[in-house]
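Visitor: I am in my first year and still learning to read structures like this one. Could you choose a single part of the sheet and take me through it slowly, with its surroundings?

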Amino acid sequence: KRFTVRRCGHGEWAKFRRYHYLSGELPKQAICYGAYDGDQISAFIGIIHFPHPRNKKIKSVSRLCVLPDYQGIGIGKRVLTLVAKKYADEGFDVKI
């Protein structure tokens, strides 16, 4: 299947919060992206700025979650790779 990755709102996190291993909370400052199978969201990633005393250009993955029906087929890796590349192309370092 072909999935598209695009920005989404914080509201999409509600579909993922119960599946995330850490907590259901999403930082308010997170920039959110979703992987979509048509108009159905299947994966979510939240990116936040990572404060560092010397390197001011670090972004960090805050949340990465794939819905159970879509797990095991590489969507999480694809979302992470595409979003990390977007930020790297803008001159940021990306960390998990």
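Guide: What follows is a close look at one strand, its partners and one residue beside it. Please keep in mind throughout that this is a predicted model.

Let us begin with strand S3, which covers residues 40-49. Of its 10 residues, 8 are buried, so the strand is largely enclosed by the rest of the structure. To see what lies on either side of S3, it helps to recall that the strands of a sheet pair through backbone hydrogen bonds, and that this pairing can be parallel or antiparallel.

On one side, S3 pairs with strand S2, residues 31-37, in the antiparallel sense and over 7 bridges. These two strands form a hairpin with 2 residues between them, and in that turn Gly38 has a positive phi of about 70 degrees. Strand S4, residues 58-66, is also joined to S3 by 7 bridges, and here too the two strands run antiparallel. If you would like one pair to look for in the picture, Gly46 has Arg63 in S4 as its bridge partner.

Now step across to S2, where you will find Ala35. Ala35 has a relative accessible area of 1%, and because buried means under 20%, it counts as buried. In S3, the residue standing opposite Ala35 is Ala43, while from another strand Val5 also stands opposite Ala35. That second pairing belongs to S1 and S2, which are antiparallel and share 5 bridges. Once neighbours within four places in sequence are left aside, the contacts of Ala35 include Thr4 and Val5, the run of Gln40, Ile41, Ser42 and Ala43, and also Ile75 and Val79. As a guide to distance, Phe16 is 19 residues from Ala35 in sequence, and their C-alpha atoms are 12 Å apart in space.

Finally, we can place these strands in the whole sheet, which is open, has 5 strands in the order S1-S2-S3-S4-S5, and shows mixed pairing. At its edges are S1, residues 4-8, and S5, residues 93-95, each of which pairs on one side only. From one strand to the next, the twist averages 30 degrees. Helix H1, made of residues 75-89, packs on this sheet and touches S1, S2, S3, S4 and S5, with its direction at about 40 degrees to that of S3.

Key. Residues numbered from 1 in each chain as written. Predicted model: local features only at pLDDT ≥ 70, side-chain atom pairs only at ≥ 80, totals over all residues. Heavy atoms only, no water. Buried < 20%, exposed > 50% of the residue type's maximum accessible area, 1.4 Å probe, protein only. Helix = DSSP H or I, 4+ residues; strand = E, 2+ residues; numbered from the N terminus. Pairing = 2+ DSSP bridges. Contact = heavy atoms within 4.5 Å. Axes fitted to C-alpha atoms, helices over the stretch in contact; angles between N-to-C directions.
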